[in-house]
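User: Please take a close look at the side-chain links in this protein, the disulfides before anything else, and then follow them to the charged pairs, strands and rings.

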Amino acid sequence: MRSFRMPAALAIAAALGLAACGTGGEHRTTGGTFTMAVGTDLGSLDPYATTLSLTRLVGRFLYDSLVAVDADGEAHPHLATSWQADAERATFTLRKGVTCADGTPLTAADVAAALTYVGDPANRSSLLGQWIQPGTRATGDDTAGTVTVTSGRPDPFLLNNLGSVPLVCRSALADPAQRAVGKGGTGLYTVAETVGGDHYTLTRRKDYAWDPATATADRGSRPDSVVVRVVISETTAANMLLAGQLNFAAVFGADRQRLEARKLFKAESTTPAAELFFNQAKGRPGADPLVRRAVVQALDLPKVGKVATAGLGTPMTQLLSSAGGRPICPADTVTGNVPAFDLATAKSTLDEAGWKPGPDGVRVKDGARLSFTLPFVTAPGNGTAAAELMQQQLKAAGVELVPKGGNQLAINEAMSNGTWDLMAIAFVWHQPSQMVPWFSGKTFPEGGTNLTGTRNRAYDELVAKASTKPGKQGCELWSQAETALIRNLDVVPFQQIPQSVYGRGARFRLDLLPFTIEMGAA
């Protein structure tokens, strides 16, 4: 998840599985340091608590999973060598010889404990309901080396979701403070140094010998260390890349031209740039569906999207994203379901909802002003300009918009405590089941992840039906469920953007980091 900030220094969650291209004639080197830029501080490194896509990306260097899911959505062996799975139950056979970062063996009981921990609602994991269902329990047989998991409720994408959960060793499982600094890992790297807001240094484990089946880089060409640099300015990131100070940076705006001219290695895809969300909690203006409709009618979303994406964006046609070519359930759920820009109709809708023009032009009802707070990321990108344009457009309809700029962590804080009215953020969901907890159940202040406080009966009923059908067999129902959200304006998708991640001195595949990094490429 990320807030209004596109183009941005890095928004990698949507870049999983990008097609890669670059110049020829590269040579491989051994060891060295791989330096990557991120556009925000990573905050807590706890893989069971973070909601930041960038933190989850870096977490892949620290924590392994049972399977490796590629850009096409196919699961391949990693810590598990084989498995049997349906929508309700899975059994994994573990690879032998896997150890934790502290050198202790990783047992089947350890893996089972981690999965059960995430599945326990009392632990309030950010992965709950997305990658692992509430009430999920696992048992481990250390002698047989098997882990048996019973899902708390049916999950048609159980293998990919459950198999992708980052596994924390027993030493840090009950200690969030250790996880917050990246300890208790099972992955290829460990954290050597953290300087908040500046950089994170990771060191490769010398004892690591259990690559996933999808690894493309030979061990000799992997970096000995990884430095994650916090580089907020996109122009600065481009300059550092061209100067050889970075091996990895995402650049979306005008600076791309300089990088293209140098014919650097590049990975490309298209990612959501902005979706509108209304806080529907009691007492918030967005709780009224007529107010939500009026706000959307008063916004010229194509113009807002053009400003937000520096003219690079195009209209979205569905919420689901693709890790490779096409979404797992391709459909047009947007066209005809989002109200068009119409200022006169917006004013009429507000009249119908009982909001009348006040003395200063802002509409009032029962003594309250029709005012929305809009948290947004101030830098990098065009978030400020887009927020100001939205403010102007809504003012014409008598709606007050109060933009509140900050960094990504501040946006997450507002989201967590419910102190917002309207957000323009982008979520990347590759499987429809992953979006369910964001639109149902408890809200963030209540201990859940229902971002808006959505109560959409049609959506819930369709999800229940779709969840009984394995994989793509439920796609029609999942698309109907998504449509139900959009028609009710529980989410308003409106802009996507091409995304380019550039490399210098290294090649990589983003869907399979860190096992695809090859040092020495141009």
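Analyst: What follows goes through the disulfides, the salt bridges, two groups of strands and the aromatic contacts. The model is a predicted one, in which local features need pLDDT of at least 70 and side-chain atom pairs count only at pLDDT 80 or more, while totals for chains, interfaces and linings use all residues. Residues are numbered from 1 along each chain as its sequence is written, and side-chain values use heavy atoms, with hydrogens and water left out.

A search of the whole structure finds two disulfides (pairs of cysteine sulfur atoms within 2.5 Å). Counted along the chain, the bonded cysteines follow the pattern 1-2, 3-4. One disulfide joins Cys-100 to Cys-169, with an S to S distance of 2.0 Å, and it is left-handed because the torsion about its S-S bond is about -105°. Cys-100 lies in the loop between β7 (89–94) and α2, and Cys-169 lies in the loop between α3 (158–163) and α4, so the pair ties together parts that are 69 residues apart in sequence. Helices and strands here are DSSP runs, numbered from the N terminus: H or I of at least four residues for a helix, E of at least two for a strand. Both Cys-100 and Cys-169 are buried, where buried means under 20% relative accessible area, exposed over 50% and partly exposed in between, using a 1.4 Å probe and protein chains only.

The other disulfide joins Cys-329 to Cys-475, again with S to S at 2.0 Å, and with -70° about the S-S bond this link is left-handed. Cys-329 sits in the loop between α9 (301–308) and α10 (343–352), whereas Cys-475 belongs to helix α14 (residues 475–487), so the bond ties together parts that are 146 residues apart in sequence. Cys-329 is buried, with a relative accessible area of 2%, and Cys-475, at 13%, counts as buried.

The helices α2 and α4, beside the loops of the Cys-100 link, also return among the charged contacts. The structure holds 15 salt bridges, each a side-chain nitrogen of Lys or Arg within 4 Å of a carboxyl oxygen of Asp or Glu. One of them is formed by the side chains of Asp-110 and Arg-170, at 3.1 Å from N to O. This pair links distant parts of the chain, with Asp-110 in helix α2 (residues 108–119) and Arg-170 in helix α4 (residues 170–173), 60 residues apart. Asp-110 is buried, at 10% relative accessible area, while Arg-170 counts as partly exposed, at 45%.

Another salt bridge joins Glu-260 and Lys-266, whose closest N and O atoms are 2.7 Å apart; Glu-260 is partly exposed, at 33%, whereas Lys-266 is buried, at 9%. In the pair of Lys-303 and Asp-300 the closest N and O atoms are 4.0 Å apart, with Lys-303 exposed at 52% and Asp-300 buried at 13%. Salt bridges that share partners also join Arg-204, Lys-206 and Asp-224 into one network.

Arg-204 leads on to the strands, since it stands in β11 opposite Tyr-189. Strand β10 (residues 189–195) and β11 pair in the antiparallel sense over six bridges, where pairing requires that DSSP finds at least two bridges between the strands. The two strands form a hairpin with three residues between them, and Gly-197 in the turn has a positive phi of about 80°. β11 and strand β12 (residues 225–230) are likewise antiparallel, over five bridges, with Leu-202 opposite Val-226 in β12. Five of the six residues of β11 (residues 199–204) are buried, so the strand is largely enclosed by the rest of the structure.

Elsewhere, an open sheet of three strands has the order β15-β16-β17, with antiparallel pairing. Its edge strands are β15 (356–357) and β17 (368–369), each of which pairs on one side only. Two bridges join β15 to β16 (residues 363–365), and Val-364 in β16 is the bridge partner of Lys-356.

Finally, the structure holds 16 aromatic pairs. The ring centres of Phe-427 and Trp-429 are 4.9 Å apart with their planes at 5°, so this pair is stacked; pairing covers rings of Phe, Tyr and Trp (its six-membered ring) with centres within 6.5 Å, and planes under 30 degrees apart count as stacked, over 60 as edge-to-face and the rest as tilted. Both Phe-427 and Trp-429 are buried, and they belong to one aromatic cluster with Phe-277, Trp-438, Phe-439, Phe-444 and Tyr-459.
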